[in-house]
Amino acid sequence: MKKPVRIAITGAGGQICYSLLFRLAHGDLLGPDQPVILQLLDIPVAEQTMRGVLMELEDCAFPLLQDMTASTDPETAFRDIDLAFLIGSRPRSKGMERRDLLAFNGGIFKEQGRALSNMAQRHVKVLVVGNPANTNGLIARHHAHDLSPDNFSSMMRLDHNRALAQLSLKIRQPLHSLTRMTVWGNHSPSQFPDLSQVHVSGQPIQHFLDDHDWIEQTFVPTVQKRGAAVIETRGLSSAASAANAALNHMHDWLHGTAEGDWVTMGVPSDGSYGIPEGLMCGFPVICHQGHYQIVKNIELNQFSRTMIEASWRELAEEKQAVSSLLT
Ligand code: NAD
Ligand code: LMR
């Protein structure tokens with residue numbers, strides 16, 4: 001029997017976790033022969049709900065679920081963990097932008113960054129999902145003094161998947177034939193879903209799509225505003241699709257991206273493409289042997305450069321807005 005992988009999941013009583021936890025315990029991330037220990041965290045007002053979820057996990061009798069704990073203390077939840085999904089935080093409601101959540105959620109990631117630094121394994125992989133995910137990731141990373149910035153990432157994968165889905169519908173080609181999608185920038189309406197580098201069954205997208213009006217007036221805004229559209233329609237923030245994206249993100253980080261393809265992750269900028277160093281920004285990345293690397297030397301046209309700059313400028317503003325949390 002393999003050594004179990006310890007996974008911390010915050011916001012365990014919430015909507016996203018009600019999908020994610022069961023998939024983790026079923027083996028959807030680590031495969032059918034890898035036991036897991038789930039270490040759940042929520043706040044005291046949600047403790048009872050979290051304990052109910054624990055009961056349901058137990059009732060599934062998942063063979064891979066070796067153990068599980070539920071706590072309201074981050075240091076307890078993060079002890080010896082290999083992986084962390086930082087989901088716990090308030091979602092926006094109709095009419096709000098994600099950055100309006102910084103005032104409520106930013107402080108959570110300061111405390112949790114410190115707790116990760118104190119308690120997690122040094123190789124821990126941390127995915128920040130709670131919004132605004134990029135700037136919360138920046139805050140957590142900043143306070144994790146004894147971890148490397150490479151331990152951290154934030155979730156842009158839902159945007160990436162949304163972009164793939166919209167494109168597949170438009171050009172009537174199967175999703176598995178599409179590679180090299182990127183969503184640059186912030187997980188916000190300023191993000192830039194960029195299909196210019198996409199290949200379809202190995203052929204450049206330009207052989208399949210020559211409709212700039214659709215790209216600029218339909219594709220880009222649809223992906224940018226999809227989160228708000230789901231809230232408007234469902235009455236609640238996306239949950240199962242977010243859990244799915246979180247699994248996709250962690251899966252590729254752990255197991256690597258497919259040959260010839262890349263994925264979008266929010267990672268600390270190394271200054272590539274003129275994006276200020278340190279901002280947690282959506283980039284195209286290749287993952288190999290458990291590490292991510294930003295894809296370099298993509299030729300960007302003026303439209304793309306302008307769109308990317310607008311989004312990193314917003315990330316820089318968010319960083320400025322939380323400067324009191326970065327001391
Ligand atoms: P939810 O309200 O259903 O659940 C949130 C849970 O977090 C609650 O149980 C709450 O008690 C808990 N929580 C609050 N503060 C906490 C803390 N300090 N420590 C631990 N747990 C805490 O919300 P949800 O739908 O699960 O969404 C969670 C977050 O994920 C929101 O911020 C949402 O905007 C974000 N989100 C991000 C993406 C993305 O693509 N990055 C996608 C979907 C949702
Ligand atoms: C999403 O993109 O669906 C999430 O970030 C939730 C939201 O607030 O839009």
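Which residues surround ligand 2? I should like to open with that point, and I note at once that we are looking at a predicted model. Ligand 2 is surrounded by Arg92, Arg98, Asn131, Leu158, Arg162, His187, Gly227, Ile231, Ser237 and Ser238. Sorted by class, this shell holds two nonpolar, five polar and three charged residues.

Let us consider the contacts of ligand 2 in turn. The side chain of arginine 92 has an N or O atom 2.5 Å from an oxygen atom of the ligand. Arginine 162 likewise places an N or O atom of its side chain 2.7 Å from an oxygen atom of ligand 2. In histidine 187, a polar side-chain atom lies 2.6 Å from an oxygen atom of ligand 2. On its own, ligand 2 has 260 Å² of accessible area, and the protein covers 95% of that area.

Where in the fold does this shell come from? Two helices, α6 (157–171) and α8 (226–234), each supply at least two of its residues. Viewed by domain, ligand 2 lies between domain 1 (5–154) and domain 2 (157–321), because both give residues to the shell around it. The space that ligand 2 takes is the largest pocket.

I turn now to ligand 1, which also sits in the largest pocket. How many residues are around ligand 1, and which come nearest? There are 25 of them, and the nearest are Gln15, Asp42, Ser89, Val129 and Asn131. By class, the shell around ligand 1 contains eleven nonpolar, twelve polar and two charged residues. Asn131 deserves a second look, as the residue appears among those coming nearest to ligand 1 and also among those surrounding ligand 2.

Three polar contacts of ligand 1 may be described. Glycine 11 contributes a polar backbone atom, 3.4 Å from a nitrogen atom of ligand 1. Glutamine 112 contributes a side-chain N or O atom, 3.3 Å from a nitrogen atom of the ligand. Histidine 187 has a polar side-chain atom 3.2 Å from an oxygen atom of ligand 1. We met histidine 187 earlier, in its contact with ligand 2. The protein covers 88% of the 870 Å² of accessible area that ligand 1 has on its own.

The elements giving two or more residues to the shell around ligand 1 are α1 (15–26) and α4 (102–119). Why does ligand 1 lie between domain 1 (5–154) and domain 2 (157–321)? It does so because both domains give residues to the shell around ligand 1.

Finally, I wish to mention two features of the backbone. The first concerns asparagine 131 once more: a cis peptide bond joins this residue to proline 132, with omega at about -5 degrees. Proline 132 belongs to the loop between β5 (125–128) and α5 (133–143).

The second concerns glutamine 289, a residue other than glycine whose phi is positive, near 50 degrees. Glutamine 289 is found in the loop that runs between β13 (280–288) and β14 (291–294).

To conclude, I would ask you to locate histidine 187 in the structure, and to follow its side chain to ligand 1 and to ligand 2.

Note on methods. Residues are numbered from 1 along each chain as its sequence is written. Chains are lettered from A and ligands numbered from 1 in the order in which they are written. This is a predicted model: local features need pLDDT of at least 70, side-chain atom pairs count only at pLDDT 80 or more; totals for chains, interfaces and linings use all residues. Side-chain values use heavy atoms; hydrogens and water are left out. A residue is near a molecule or strand if one of its heavy atoms lies within 4 Å of it. A polar contact is a pair of N or O atoms within 3.5 Å; within protein, one must be able to donate a hydrogen and the other to accept it, and residues adjacent in sequence count only if both atoms are side-chain atoms. Accessible areas come from the Shrake-Rupley method with a 1.4 Å probe; for residues, only the protein chains shown count as cover. On a 1 Å grid over the protein atoms alone, a cavity is a set of points where a 1.4 Å probe fits but cannot get out, and a pocket is an open set with protein on both sides within 12 Å along at least five of seven lines; lining residues have an atom within 4 Å of a point. A molecule sits in a cavity or pocket if more than half of its atoms lie within 2 Å of its grid points. Helices (H or I, at least four residues) and strands (E, at least two) are DSSP runs, numbered from the N terminus. Ala, Val, Leu, Ile, Met, Phe, Trp, Tyr, Cys and Pro count as nonpolar, Asp, Glu, Lys and Arg as charged, and the others, Gly among them, as polar. Domain bounds come from an automatic or database domain assignment.
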